[in-house]
Each structure stands twice: as structure tokens, then as C-alpha cells.
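Colleague: I'm new to this one, so could you walk me through it slowly?
Modeller: Gladly; let's have it in front of us before we start.
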Amino acid sequence: MQIIENQDVYDVIVVGSGAGGGMATKQLADAGFKVALVEAGPFFDPADPKTMTQLKWPYESPRRGANTDRAFGEWDMSWGDWEVEGEPYTHAEGTDFMWWRSRMLGGRTNHWGRISLRFGPKDFKGKTRDGHGDDWPIGYDDIKPYYDKVDKLIGVFGTNEGLENDPDGFFLPPPKPRLHELFYIDGAKKTGIPVYPSRMSMLTKRINNERGICFYCGQCSRSCSVYADFSAGSCLIFPAQKNGGQVKLFVNAMVREVTTNEEGKATGVSYINKEDRKEYKLRGKVVVLGASACSSARILLNSKSPQHPNGLGNSSNLIGRYLHDSTGSSAAGFIPGLMNRKVSYNEDGTGGMHVYSPWWGDNSKLDFPRGYHIEVWGGMGQPNYGFGFNANDFNKFFGLKVGGYGDGLREDVKKYYGSVVGFGGRGEGIARKENYCEIDPTTVDKYGIPVLKFNYRWSDLEKKQAKHMQDTFEELIHNMGGHLLGEKPGKDQDYGLLAPGQIIHEVGTTRMGDDPKTSVTNRFQQLHDVDNVFIVDAGPFVSQADKNCTWTIMALSWRASDYIIEQLKQQNI
Amino acid sequence: MDRRKSIQTIILGASASAVAFHGCRVENTEVEVSTVTETKYFGRTPEEMERLEKLNAEQLFNAHEMETISVLSTIILPPKEPHGGPIEAEVPEFIEFMGKDIPEMQMTLLGGLMWLDHRCNTKFGVEFKTAQLSQQKQICDEICWHNPDVSLDEQPLEIQFFALMRNLVVSGYYTSKVGIADLGYKGNMPNVWDGVPQEVLDQHGMAYDPEWIGKCVDQSKRHIIAEWDEEGNLLT
């Protein structure tokens, strides 16, 4: 089969349209460069009524929102989840990793939790702090100006609290806490756990005339049709196009490899057009990978040539290594004080939590080195499939019978509606060379592209951290006058530590550093081996913090884009 | 509506759409969201639509079983004015669909329905659906309680069946239009969140911390474009 070559030469080819690729597209197009943006999934606009799920009612679907087709329920705006039809991945025996992919313009930013946390000064210097992992080659001062710019461009609510490792920013005002969040604030106070307004990228206040303001439906995971939350399409790619930028979109285009010339420099990419299942080539002066930490690693490892025999940019043999996800462990409690609620008002609020607890502990006094933050959920949410299951299980806490039938069930449902509060601990795992993804030479996806094989195991440090989470949640529920639901997971269940990949914060596969032997990119996310290839997703992260990674992906992508602009202007690349 | 007809509606629905307008007034702030709603697509991808059509074309329960499900549903959750019951909530159709969508439930549902008739025949010489209400309740009373500390998987089929049916009936009802009205859920529409009403705070013995609230959004200024000083203090 002949590869079809496009004769246009782009200044920059950006692969992937999520947080990293979207930001690079915006910055490079705004600077006047001709950009080809290549996305593996179809076009998606949150405002398109055909695909929109926002403000749908459960009864509009025969399955009432059940998660048979979409892992997070059928209103969740992610096309693709831990499984994508025709795109498998494999595991080394005895290891585990779950790999979420959203195949659509904007990628995972369409459904993400919008928890937008800056890394703090300590997060860039983990090894100096406790001897684990490695330090980043950059520090907070390098990234701070970009966090500031991201805050102002995208919009994030929160409060300046002057915290040492949870830096201040340019925040929109936060929404008031909901009732169960007030219970949480009280409960946390009793244990000395601080609680602050959450920091999330929804517009509680106008930031420009192009985007709408939050109307408090609580459905950010469905992607906001008035663009009041951050999605890469609505906030970066479409604005870049409207701004007169030269952005050519290639959708349903699954990149196979970065192509190179005899000098080993990148010449563009080759991709499979999913519609006609033929291979095409695009030519560009610079290639920017923002396909996600694992997808970019896969593309590089599949880009073999005589100049780069083990994959592009892989002279260190570190591509795919140091893969790590946030840790996660959860618990829920039944809070009798939240029973018999008045349903006189709408408390959907913004999507997710209005309050949270950043890490408060002192690890030098604990048996694990890194922290976690606490996410809180609860409230009188929209009923969907599963609502009302085990309607009166909580009777057991009052010595009453469980089960039965008849009019009493209605009363039980109403009595207990909104009385459950849940906690998610999201923490930092240590980046380890032994945790990695690699190419599985025996398996291809339906486009004929070799797939990834994962090798990942948690260590005792992450398990001890999860134990701390469980003990903390139990205490919080007790403080709130509640009952822990379900069995508290013990050692045999790794204290409820979720499988790697389940928190969907995977980072580290192409880590940055000053030494080409121990890192894949330099501090500007440029491959050490190939000066016209950059990585703007979470691959270059040296370590995940006890924060969510999206805000840092965008700040670093903007920083890398500024560097690319400068290098292109100086004709260095 | 028969199954074939409903498929036709779904296909036709692809081109039919309705404009829904939601508005509400909070203080002096008008919130307007105009959304064009595809009535039958509910945001499905073509692949998802194909699967739905395939499931809709299949039949899990025969007419007798559907009638039995209807009868049992209304015993589990009797209709109550003004918000009806399982029939108005289309619970039997929902159970038929879920049985196909999550096939792991099929044996419990089909087997449980057989058990109901067998038990009712043995005891009263009549099928469950045509038995008297008092007889039907006698059967249900045998199987409607369970020990919540023992996993359902380890309990007899008929106990599992009743628990599953109760879950599906309650969930089906409270995810329907009439059930949501009965519950009183006020969300899923544009509004302006400005905190928990005072009487609700009072009921639960809670209060807002004035310092915290002082940092929160002033909803009367939400339309004014945000500007900050160099320290990140919001000026507008």
C-alpha cells in the first residue's frame, strides 16, 4: 500500500488535542505559525446538540444512565475509557495498569474533574526532600509565570491562602459549600485537617465575552455547552481558530510514528486515517507530541530508524520508564445528621466538590514519604441507574429490618436521600524505573500499530499511604457522627489502593532532565536526541505531586511553546 | 408501542429535534441557556446507537413474564397519587432493557420469575400474576427480607431475585419523570447557586463561617469580567 503524502509543510505538527496539545496549538497558532493538529478521535464540540449530554434526564435513556457503554456512566463525555474497541494493551504477568483513552477532539479534558492544582516548590525537589525519586531540573519559580498565565487565560476558582506548598494564584471566587461539605469542614476540624475552598476550572465569574458563566448544573463531566468549564476544544483550539490562527485539524487520524531523515531529524508524522484505513504522511518542521504520556511514549518507541534503532529519542533507553499514576483509595459513610433533608432547593452546584483538603501531614513523622489530598463528594444529586439500590440498608444502623416492600420504600428513599458522604484520597506515588510501558512485539491494534505492554507494581510506600487514607477517612466519618459503609480494606487488599491507571493521572514516561543519559527531554521538553521534537503532555514529569496534573501540563506546554517559538524565530530548529 | 415501532421512532428521531429553553431569575441575574435537544439521540455516538437498536430488537421476557413483572413491580412499589407508580415510570420496559444490557442479571430474573409461579402454584394452585393480592403478598413475605451482613450471592435464588427486583423497581421509578417528581429533586436545570437556605442550615444545626463566605462569589457581580492586581487579588 502506497503511503499518501501531503505536499504542505507545516511549521509545527501537534499530535493530540488535550490539555498539552491544545495549549501548544493555541500558543503556536497565536504566534502566527502554521499548525497541523492531529487527533486520533473524531471532531467534538461541547456545544453540539447531537452529542451533548448536559441537562439530559435519566429517563431519556432506556438504561437510565447506567455505565454499560461508558465506564463513568452514559452521560460522561469521554469517547473511550479504560477500554477502546480495537485498541488493546497488554500486561507483564503479575502487574497491573489501566489505561484510559478519550478518542475525541479535546481528549480527556472533556470529562475531567477540573481540579486545577498548582504543584508547589517542594514538589519539584522530591529527592532533596526525602531521598526518593529524583528532583526536577526546574523549580517552582520557572513555572510560576506560566501558572499565572494559565489561571488568567482559562479561569479557575479558589482562594489565596498563603500555603507553603499549595501556591496562591489568580482565582475566581469559589462557590459556597453545600450542606454535606459543612459537615465535612466540622468533622475535619476535630481532627485538625485543614479544609479550603476547592480549586477548579469552572467560570463562577466571566473572564471574557467568548465563554459563558457557570449555571450550576454540576455536570462538568458532561462537558459544558456554554464553555463555562475548561475543555481543550472550547478554551484553546476553537479560540485559536477564531483568532485567525492557521490551524488545520486532522481528526480520526491515528499517528503511527514520527518520520525522520538521514540526519535523524524529524520530518513529520505518519498516521492511519480511520475512515479509509490508509496510511498518510504529514510534513512539518517541528513535531510536538501531546498524545498523553503513554501514547507519546508508544509513538516514539514505534518510530524506529537506522539513526534511532530503539525508537526516537531513546538513546537513554528510558522512554516508557518511570511511569506513575496518582495513588487513590476511597471510603464512604452514612451520616445520620444528613437524613430527612428538605428537597426545597437545587444543590447541584459546580461539578464535583466545593471544598477540599490539601496535604496537611508531616511525612518526616510518618512511614510513607509523600502526601495526598482529600476530595469530598455527596449531596442530593441527580438520580441515575443505581439510585435507590438497597434503599433501606441503613436501617441496620437503627436496629430495623432491611428489605421488604410497599409504601415504606418511598419513605426510606426520601429519608436517606443525600445522607452519604464519600472521600477520595489522591496522593503521590514514587516514580520508579521498574514501572514502565514498552512495545509488545506480539500484538497490534486494528490499525496495525504495535501496542503497549505495561509493567507496574505499587510498593509498600504507596500501600502505607493508602492505609493512612483509610484510617483518616474512618476518623472523619466518626467525627461527622457517621457510620463507615462497607468493610474497611485491610492489608490483604492493599488498604483499598486502586490499580495504577485508575486515577487517570499517568505521568513520567519521557521525563525531563539535564543529563541525556538519565532523561529523555531537556528542561524545555525537547528530546535530547532530536532537537525538533517536543513533548507537551505529562510524559516529561519527573514526579507527580499530591496534585492533579492538568494545570501543570498546561503551564509546561505553554512554557515549551514559548521556547519553540523562540527557537523557530532564531532558526535554530 | 410495539418494539418495531419504537425502533422506527428512534431512527426517525435522528432527524427530529426540539428546542428546549430553560430560564430562571435569581436576584437581578438572568440565566439563560438555550439548548437544542436531539430527542432520541441523547448524545449517543453512532456505535452506541447501533448497539441500542440491536438491544431494542431483542426480546428477553415473553408476554407472561412481562405481565408478572408488572404485577410484582406494583406490589413492591404501589402507585401513589400524584406521582403514579412503576407502570407510569415504565419500570417493566426498563427491566426488560436492563436484562439485555447487563446479561449477567438474566438468570436471576428469569429463574426468579419461574420460582414465583412454581411457589404460587404449589401453594395456591394459581400463577402469581392471577393470584389474589393477599396470596401474592404471602409469597413476597417469604423472600423480601435478607440479612444485610451476608453477601447476596450466598443467599437462595429467590432471595437474590427479590432483592434485585426491588433494586430495579426502585431505581427505575426514581429515575423516571414521575419518580423524580416524587423525590422532589430540583436540579438538572440552570440556576445560580448561592448557598444552603437558612432554614436547611437550621434544621441540621449548621452555620456558615462568615470569613469563609466572605471569599465566595458575589453572584451580583458574576457578569463583570474578572480583573486582578499583581498579587492575585480580584478587583472586580
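Modeller: Keeping in mind that this is a predicted model, we can start where the two chains meet, with 80 residues of chain A in contact with 71 residues of chain B.
Colleague: Which elements give two or more residues to the side of chain A that touches chain B?
Modeller: Those are α4, residues 179-191, and α7, residues 408-416, of chain A, and the largest share comes from α7(A), which gives 4 residues.
Colleague: How do the residues on that side of chain A divide into nonpolar, polar and charged?
Modeller: On the side of chain A that touches chain B, 38 residues are nonpolar, 23 are polar and 19 are charged.
Colleague: Switching to strands, is β11 of chain A mostly covered or uncovered?
Modeller: Strand β11(A), spanning residues 372-378, is mostly covered, since 6 of its 7 residues are buried.
Colleague: And which strands does β11(A) pair with?
Modeller: Strand β10(A), residues 355-357, runs antiparallel to β11(A) and is joined to it by 2 bridges, with S357(A) standing opposite I374(A). Strand β12(A), residues 420-427, also pairs with β11(A) in the antiparallel sense, over 7 bridges, and there H373(A) has R426(A) as its bridge partner.
Colleague: What about chain B, how many helices and strands are there?
Modeller: Chain B has 10 helices and 2 strands, and reading from the N terminus the order is α-β-β-α-α-α-α-α-α-α-α-α.
Colleague: How much of chain B counts as buried?
Modeller: Of its 236 residues, 31% count as buried, and among the contacts in chain B with a separation of 6 or more, 56% are between residues 24 or more positions apart.

Note on methods: Residues are numbered from 1 along each chain as its sequence is written. Chains are lettered from A and ligands numbered from 1 in the order in which they are written. This is a predicted model: local features need pLDDT of at least 70, side-chain atom pairs count only at pLDDT 80 or more; totals for chains, interfaces and linings use all residues. A residue is buried if 20 or more other C-beta atoms lie within 10 Å of its own, exposed if 12 or fewer, and partly exposed in between; C-beta atoms are placed from the backbone. Two residues are in contact if their C-beta atoms, placed from the backbone, lie within 7 Å. Two strands pair if DSSP finds at least two bridges between them. Ala, Val, Leu, Ile, Met, Phe, Trp, Tyr, Cys and Pro count as nonpolar, Asp, Glu, Lys and Arg as charged, and the others, Gly among them, as polar.
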